[in-house]
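Open the model in your viewer and keep the sequence panel beside it. The stops below go from the whole chain to single residues.

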Amino acid sequence: FTLHIAPGYHVNSRQPGEEYLIPTTATLSSDLPAAVGPVAYPVALPWLAESGEALATYQGEARFVVPITAESDARPGTYRLALTLRYQLCTESECLPPAEATVTVPVSVRSE
């Protein structure tokens, strides 16, 4: 999945470097007959804060990858994969309260 971040904003990376910063985290839940995850996070980009310190952030488009491997005996059908992203959107001078967004997508398993 891709997180689109508006120009002038950033979110902290999964490992922002300072304890007081809210990390961006992705969690998954699914009824898929498959192994799901772990989430591969994007490479962090530096954001120069007003204090002069470089923070590890995601900016612009941040692409997360979630591997899915169906079990060999998986029954054909449509299942759900729910992704919850916890993040804090910030500008150069302020941060909004932490937020959480969940998206559920259908995943089809077909027999070959």
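A strand here is a DSSP run of E covering at least two residues, and strands are numbered from the N terminus. By that count, residues 99–109 make up strand S11, and valine 109 belongs to it. The model is a predicted one.

**Whole chain**

Show the protein chain as a cartoon. How many helices and strands does the protein chain have? There are zero helices and eleven strands, so the pattern along the sequence reads β-β-β-β-β-β-β-β-β-β-β. The radius of gyration is 17 Å, well over the 13 Å that the globule rule gives for 112 residues, so the chain is more spread out than a compact globule. Along the principal axes, the C-alpha atoms fill a box of roughly 55 × 25 × 20 Å.

Switch to a surface. The protein chain exposes about 7,300 Å², and carbon and sulfur atoms supply 52% of that area. Of the 112 residues, 31% count as buried. Among contacts with a separation of 6 or more, 65% are between residues 24 or more positions apart. Now colour by charge: there are 6 positive and 12 negative side chains, and the centres of the two sets lie 14 Å apart.

**The four-stranded sheet**

Select S5, S6, S2 and S10. These four strands form an open sheet in the order S5-S6-S2-S10, with antiparallel pairing. S5 and S10 (89–90) stand at the edges with a single partner strand each, so one side of each is left without a neighbour in the sheet.

Zoom in on S5 (residues 45–48) and S6 (residues 54–58). The two strands pair in the antiparallel sense over four bridges. Which residue of S6 is the bridge partner of tryptophan 47? Select leucine 55, which is that partner. The next residue of S5, leucine 48, has alanine 54 as its bridge partner in S6.

Follow the backbone from S5 into S6. The two strands form a hairpin with five residues between them. In the turn, glycine 52 has a positive phi of about 100 degrees.

Now hide S5 and look at the neighbour of S6 in the sheet, S2 (residues 10–12). S2 and S6 pair in the antiparallel sense over two bridges. Asparagine 12 stands opposite threonine 57 of S6. Is S6 enclosed or open to the outside? Four of the five residues of S6 are buried, so S6 is largely enclosed by the rest of the structure.

While side chains are displayed, one general point helps with reading them. In a regular strand, side chains alternate between the two faces of the sheet.

**A cis peptide bond**

Select glycine 37 and proline 38. A cis peptide bond joins these two residues, with omega of about 5 degrees. Proline 38 is in the loop between S4 (34–36) and S5.

**S3, S9 and S11**

Next select S3 (residues 25–30) together with S9. These strands run antiparallel and are joined by six bridges. For one of the opposed pairs, pick threonine 25, which stands opposite arginine 86 of S9.

Keep S9 on screen and add S11. S9 and S11 pair in the antiparallel sense over eleven bridges. In this pairing, the bridge partner of alanine 82 is threonine 104 of S11.

**Valine 109 and proline 76**

Finish at valine 109 in S11. Is valine 109 buried or exposed? Its relative accessible area is 14%, and the cut-off for buried is under 20%, so valine 109 is buried. Not counting residues up to four places away in sequence, valine 109 touches Leu32, Ala74, Arg75, Pro76, Gly77 and Tyr79. Draw a C-alpha to C-alpha distance from valine 109 to alanine 74: the two are 35 residues apart in sequence and 7.5 Å apart in space.

Then move to proline 76, in the loop between S8 (68–70) and S9 (77–87). Proline 76 is exposed, with a relative accessible area of 53%. Leaving out residues up to four places away in sequence, proline 76 touches Val109, Arg110 and Ser111. Serine 108 is 32 residues from proline 76 in sequence, and their C-alpha atoms are 7.3 Å apart.

Technical notes:
Residues numbered from 1 in each chain as written. Predicted model: local features only at pLDDT ≥ 70, side-chain atom pairs only at ≥ 80, totals over all residues. Heavy atoms only, no water. Pairing = 2+ DSSP bridges. Rg over C-alpha atoms; globule rule 2.2 N^0.38 Å. Buried < 20%, exposed > 50% of the residue type's maximum accessible area, 1.4 Å probe, protein only. Contact = heavy atoms within 4.5 Å. Areas by Shrake-Rupley, 256 points an atom, 1.4 Å probe, with all protein chains shown as cover. Lys, Arg positive; Asp, Glu negative; His and termini not counted. Charge placed at Lys NZ, Arg CZ, Asp CG, Glu CD.
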